Amino acid sequence: RRIIGTASFPERVRKLDVQAITMQQFEHLRESLEESVFDEEHIKTVCVAVVPFAIWCRAIGVYLSKTKFSGGTPIRPVAAAGGSVATGKRHA
């Protein structure tokens with residue numbers, strides 16, 4: 001709440017350089033994403049307005065775990081996207 005409630009929050013999110021994230025920052029993100037209170041379904045019950053930010057955080061974590069910090073324990077993808085990967089093919 002104290003981060004999201006600041007006037008500079010949207011600008012800080014917009015300016016985030018994902019490639020500048022350090023291993024220490026990534027590990028902190030990974031630990032946070034493993035906590036049950038960071039689960040998107042739980043967050044919906046607390047504050048629906050924060051769900052998109054939680055999904056964004058998880059997406060950043062998944063991206064980094066597959067690129068810059070690959071080789072470790074994978075981060076669970078966003079709940080809505082975890083089932084299958086879109087192939088881009090259209091079905092008639």
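This report describes the salt bridges and the cysteines of a predicted model.

## Cysteines

With a disulfide taken as a pair of cysteine sulfur atoms within 2.5 Å, the count for this model comes to 0 disulfides. Two cysteines can nevertheless be described by their surroundings: C47 is partly exposed, having a relative accessible area of 31%, whereas C57 is buried, with a value of 10%.

## Salt bridges and the pair in helix α2

The structure holds 7 salt bridges, and three of the pairs, including one within a helix, are taken up here one by one. The side chains of E27 and R30 meet in a salt bridge with an N to O distance of 3.9 Å, a value to be read against the cut-off of 4 Å that defines such a contact.

Both partners belong to helix α2, which spans residues 23–34, and because E27 and R30 are 3 residues apart in that helix, about one helical turn separates them. Their accessibilities fall into separate classes, since E27 counts as partly exposed at 30% relative accessibility, while R30 is buried, with a relative accessible area of 8%.

## The bridge between helices α3 and α4

The side chains of E40 and R58 form a salt bridge in which the N to O distance is 2.6 Å. This pair links distant parts of the chain, with E40 in helix α3 (residues 40–46) and R58 in helix α4 (residues 51–66), the two being 18 residues apart.

Neither end of the bridge is classed as exposed: E40 counts as buried at 3% relative accessibility, and R58 likewise counts as buried, at 2%. The threshold behind both assignments is a relative accessible area under 20%, so the values for E40 and R58 place these two residues in the buried class.

## R76 and the network around E40

E40 also takes part in a salt bridge with R76, for which the closest N and O atoms are 3.2 Å apart. R76 lies in the segment after α4 and E40 in helix α3, so this pair ties together parts of the chain that are 36 residues apart in sequence. In contrast to the buried E40, R76 is partly exposed, with a relative accessible area of 35%.

Which residues are linked with E40 in a network of salt bridges? The network comprises D39, E40, R58 and R76. Within this network, E40 is bridged to R58 in helix α4 and to R76 in the segment after α4.

How values were computed: Residues numbered from 1 in each chain as written. Predicted model: local features only at pLDDT ≥ 70, side-chain atom pairs only at ≥ 80, totals over all residues. Heavy atoms only, no water. Buried < 20%, exposed > 50% of the residue type's maximum accessible area, 1.4 Å probe, protein only. Helix = DSSP H or I, 4+ residues; strand = E, 2+ residues; numbered from the N terminus.
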